[in-house]
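Q: Please take a close look at the surroundings of the ligand, and then follow the chain elements outward into the sheets. I would like one connected account rather than a list.

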Amino acid sequence: MARFPVEPFKIKVVEPIRQTTLAQREEILQQAGYNLFAVRAEDIYIDLLTDSGTSAMSDSQWAGMMAGDESYAGCRNFFNLEEAVRSITGFRYFVPTHQGRAAENVLFTCTIEPGQSVPSNMHFDTTQANVIARGGDPVNLLAEEGLDPTSHAPFKGDVDIERLEAFIQQVGPESVPLGMLTVTNNSGGGQPVSMANIRATGEVLHRYGIPFFLDACRYAENAYFIKLREPGYADTPVLEIAREMFSYADGCTMSAKKDALVNIGGFLAMNDEELYQRACQQLILREGFPTYGGLAGRDLEALARGLWEGVDERYLAYRVAHTRYLADRMVEESIPILEPPGGHAVYLDARRFLPHIPQAELPGQALTCALFLEGGIRGVEIGSVMFAREDVETGEMIYPELELVRLAIPRRVYTQAHLDYVAETCQRLYECREEIGGLRYTYAPDLLRHFTARFEPL
Ligand code: P61
């Protein structure tokens with residue numbers, strides 16, 4: 001019997017993948033400086049680096065690509081997208097961007113002055129880096145449960161409302177140009193934020209006159225978790241849940257490469273007309289004219305259609321259960337993962353997987369490399385390489401509380417057999433975990449270090 005809902009689609013186009021030998025992988029890893037971002041995708045067997053831009057598009061989306069109108073201004077696909085964005089988010093204004101970080105860049109350029117702070121449950125790395133790039137301070141105020149990988153709390157993406165209010169009072173509302181929530185919380189295990197918490201965040205921020213933006217790239221998965229887990233929502237359609245989530249916010253940044261099922265695209269949406277006008281100026285400077293914003297007409301069309309497909313409940317039921325299937329297989333084998341699993345990924349808990357490697361020796365990165373060597377699988381470290389920061393006063397490294405390896409599941413791409421292979425590879429690795437050693441940097445850039453850093457085994 002199938003262990004999770006049968007895929008609500010069938011496969012029309014396939015792309016071959018190939019396994020390499022251990023000797024080849026050793027050579028590849030060494031050449032890549034022990035950083036899997038530097039490995040060619042063709043040398044990866046199962047690619048779980050990211051769920052971003054890696055979705056399989058539907059036949060409707062591909063058909064939409066052929067209906068792309070490549071006019072510079074006012075192409076018809078923009079209006080299809082406008083209808084989808086307005087209908088789903090309810091925000092009055094929006095601009096397309098080429099991806100999520102471009103929306104962040106435009107928003108923060110319009111809002112943040114040097115020295116100001118942007119609180120959130122947990123910023124993802126591009127958001128954090130874009131706040132810092134404006135001279136701002138990204139502040140994470142995740143509620144405590146979210147930092148405990150073993151807690152089974154239903155909404156481990158919730159922000160700590162009391163700390164949020166205390167923080168605003170401490171720095172003064174004039175130092176907080178906006179507040180954010182990342183739904184679901186990608187840096188903390190893909191955990192959802194409850195409706196109650198989204199509502200309360202809006203109330204606190206608005207009490208101090210501070211605008212509230214959602215980092216909405218996985219809003220549909222978040223909405224589906226609300227349906228599954230929050231009392232009172234079991235019979236509410238996901239689309240309505242999503243609309244309610246957005247109704248408490250003043251705008252959102254969106255990387256459409258996630259829940260809108262496209263390979264490229266994003267947008268920035270808001271209610272404030274004056275902010276919209278300034279965003280248009282920034283957009284023209286950085287991305288393009290406001291009816292295409294860094295995308296081709298065909299991409300706008302795929303995005304408009306993908307937004308609707310992303311809130312389809314049969315798809316979401318399959319999606320969340322598909323991820324859960326991999327997590328359950330890991331738990332059966334006692335492999336330490338962050339529980340419960342998120343919507344888009346299973347996160348290995350590198351601290352408990354490799355307790356013999358101290359954070360200074362980068363256990364998450366070491367585990368990422370070991371997984372590639374063992375089975376040609378590519379995950380991504382979400383731990384010290386991505387987030388450790390130097391204390392400006394003492395010069396000491398501050399390590400993040402969570403040391404994770406994320407196995408992100410591309411949407412509509414891999415089958416149950418692929419996931420079985422991943423679980424079996426992790427199981428083999430777990431059995432010989434004591435043989436895995438730490439790493440040290442041979443090169444580490446200042447900003448978004450993990451993309452281009454290089455390492456060597458200790
Ligand atoms: C990901 F290794 N995420 O999860 P853009 N907000 C949030 C994201 O998850 C996110 C963006 C904003 C990626 C891609 C990625 O170091 C990495 O469309 C919650 O990628 O610009 C992206 O959206 C930015 C992977 C990004 C990374 C940075 O895999």
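A: Two strands are taken to pair if DSSP finds at least two bridges between them. With that criterion, an open sheet of five strands is found in this model, which is predicted, and the strands of the sheet follow the order E2-E8-E7-E6-E5 with mixed pairing. Its edge strands are E2, residues 93-97, and E5, each of which pairs on one side only. From one strand to the next, the twist averages 15 degrees. At the E2 end, five bridges join E2 to strand E8, residues 266-270, and the two strands run antiparallel; within this pairing, Tyr93 has Met270 of E8 as its bridge partner.

The element that leads from this sheet to the ligand is helix H4, residues 100-111, which supplies at least two residues of the shell around the ligand. H4 lies across E2, E5, strand E6 (212-215), strand E7 (251-255) and E8, and runs at about 150 degrees to E7. The shell draws its largest share, three residues, from H4, while helix H5 (125-133) and helix H17 (449-452) also supply at least two residues each.

Turning to the shell itself, the ligand is surrounded by 23 residues, and the closest of them are Thr50, Asp125, Ser255, Lys258 and His450. Sorted by class, the shell holds six nonpolar, nine polar and eight charged residues. Three contacts can be described atom by atom. For Gln99, an N or O atom of the side chain is 2.8 Å from an oxygen atom of the ligand. For Lys258, which also belongs to the closest residues, an N or O atom of the side chain is 2.9 Å from a nitrogen atom of the ligand. For Arg406, a polar side-chain atom lies 2.6 Å from an oxygen atom of the ligand. Taken alone, the ligand exposes 580 Å², and the protein buries 97% of that.

Arg406 also gives a way into the second sheet, since strand E14 comprises residues 404-408. This open sheet has three strands in the order E9-E14-E11, with antiparallel pairing, and its edge strands, E9 (345-349) and E11 (380-382), each pair on one side only. On average, neighbouring strands of this sheet are turned by 35 degrees against each other, with direction ignored. Five bridges join E9 to E14, and the two run antiparallel; in this pairing, Ala345 stands opposite Ala408 in E14. Helix H12, residues 313-332, lies across both E9 and E14 and runs at about 25 degrees to E9.

The loop between H12 and E9 holds two backbone features that deserve attention when torsions are set up. Ser334 lies in this loop and has a phi near 60 degrees, a positive value in a residue other than glycine. Pro340 has its place in the loop between H12 and E9 as well, and the peptide bond that joins Glu339 to Pro340 is cis, with omega at about -10 degrees.

A further cis peptide bond leads back to the five-stranded sheet, whose edge strands include E5. It runs from Val183 to Thr184, with omega near -20 degrees, and Thr184 has its place in the loop between strand E5 (179-182) and helix H7 (195-207).

Note on methods: Residues are numbered from 1 along each chain as its sequence is written. This is a predicted model: local features need pLDDT of at least 70, side-chain atom pairs count only at pLDDT 80 or more; totals for chains, interfaces and linings use all residues. Side-chain values use heavy atoms; hydrogens and water are left out. Helices (H or I, at least four residues) and strands (E, at least two) are DSSP runs, numbered from the N terminus. Axes are lines fitted to C-alpha atoms, for helices over the stretch in contact, and angles run from 0 to 180 degrees between N-to-C directions. Contact means heavy atoms within 4.5 Å. A residue is near a molecule or strand if one of its heavy atoms lies within 4 Å of it. A polar contact is a pair of N or O atoms within 3.5 Å; within protein, one must be able to donate a hydrogen and the other to accept it, and residues adjacent in sequence count only if both atoms are side-chain atoms. Accessible areas come from the Shrake-Rupley method with a 1.4 Å probe; for residues, only the protein chains shown count as cover. Ala, Val, Leu, Ile, Met, Phe, Trp, Tyr, Cys and Pro count as nonpolar, Asp, Glu, Lys and Arg as charged, and the others, Gly among them, as polar.
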